[in-house]
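Welcome, and thanks for taking a look at this protein with us. Please open the sequence and the structure side by side before reading on.

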Amino acid sequence: MTHILCLETATTNCSVALSINGNVVAMQEDNAQKYSHAERLHVFIKEVLDAAGITKDKLSAIAVSKGPGSYTGLRIGVSATKGLCAALDVPLISVDTLGALSRKLTVNDGELIIPMLDARRMEVYSAVFDNSGNRHRETQAQILDETSFTEYLDKGIVHFVGNGVEKFQEICEHPNARFVIGELPSSTQMASMAQTKFEANDLEDVAYFEPYYLKDFIAGKPKAK
């Protein structure tokens, strides 16, 4: 049996799942308003393994959400994954964050899903998928305006999901737009994707793997005391 530990830390949702042959058997997450990854991630890993009755030495691989997303969140998740992979001598699998997020929705044939993660101001990270998980546009960082995604909306129903949806909903009046509010990437949707990669031997180099930040990190100005 294939046991894969899945870690999702690309947004404020700190999420850990254990899958057996691609099926989630235990999951723990904290979808808080502020980042809790440094405090929660390793606690959740232990809780999930205990709930499934699995010890770390039984793991076949560890999968991590590779981004795009929060610089700090991705860094914490990838650092934890690399440390565990090195200690346990198991392979590292990277899972596309937006691809996993798109799998939260089930839509009709011919309809599209655009997972959308908040970046800065009116900017989002997004990609375009169909109902079978096929990618129709690569991941981009883009500034939203009233005409964004018109080339897809003019052709049919498009579902927008993720924590960048609210800002687009405020300016988009296209009748084919459907907005799913309150959803964040979760380790649950990573399981089948990680299993497929494991079976295809599509693995990362533990020593050299880096998150997909998409943009350079820009530190904010420290607050005045």
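The report below covers a strand and its partners, then a pair of helices, and last the cysteines.

Please keep in mind that this is a predicted model.

**Strand 7 and its neighbours**

A good place to start is strand 7, which spans residues 123-130. This strand is mostly covered, and eight of its eight residues are buried. In a regular strand, side chains alternate between the two faces of the sheet. Here E123, Y125, A127 and F129 point one way, while V124, S126, V128 and D130 point the other way. Every one of these residues is buried, whichever way it points.

Strand 7 pairs with strand 6 and also with strand 8. The table puts the two pairings next to each other.

| Pairing | Partner residues | Sense | Bridges |
|---|---|---|---|
| Strand 6 with strand 7 | Strand 6: residues 112-118 | antiparallel | five bridges |
| Strand 7 with strand 8 | Strand 8: residues 135-143 | antiparallel | six bridges |

To find your way across the sheet on screen, look for L117, which stands opposite Y125 in strand 7. On the other pairing, F129 stands opposite R135 in strand 8.

What links these strands? Strand 6 and strand 7 form a hairpin with four residues between them. In that turn, R121 has a positive phi of about 50 degrees. Strand 7 and strand 8 form a hairpin too, again with four residues between them. The turn there holds G133, whose phi is positive at about 85 degrees.

**Two helices in contact**

Next, turn to helix 1 (residues 37-52) and helix 2 (residues 71-88). Their axes lie 10 Å apart, and the helices pack at an angle of about 35 degrees. The crossing is right-handed. On the helix 1 side, the contact is made by H37, A38, L41, H42 and I45. Helix 2 contributes G73, I76, G77, A80 and L84. Sorted by type, the residues of this contact are six nonpolar, four polar and no charged.

**The cysteines**

How many disulfides does a search of the whole structure find? The answer is zero. C14, for instance, is in no disulfide: the nearest cysteine sulfur belongs to C6 and is 13 Å away. A disulfide needs two cysteine sulfur atoms within 2.5 Å, so this distance does not qualify.

Are C14 and C172 buried or exposed? The cut-off for buried is under 20% relative accessible area. C14 has 0% relative accessibility, so it counts as buried. C172 has a relative accessible area of 8%, so this cysteine is buried as well.

Terms used: Residues are numbered from 1 along each chain as its sequence is written. This is a predicted model: local features need pLDDT of at least 70, side-chain atom pairs count only at pLDDT 80 or more; totals for chains, interfaces and linings use all residues. Side-chain values use heavy atoms; hydrogens and water are left out. Buried means under 20% relative accessible area, exposed over 50%, partly exposed in between (1.4 Å probe, protein chains only). Two strands pair if DSSP finds at least two bridges between them. Axes are lines fitted to C-alpha atoms, for helices over the stretch in contact, and angles run from 0 to 180 degrees between N-to-C directions. A crossing is left-handed if the near helix is turned anticlockwise from the far one by less than a right angle, and right-handed if clockwise. Contact means heavy atoms within 4.5 Å. Ala, Val, Leu, Ile, Met, Phe, Trp, Tyr, Cys and Pro count as nonpolar, Asp, Glu, Lys and Arg as charged, and the others, Gly among them, as polar.
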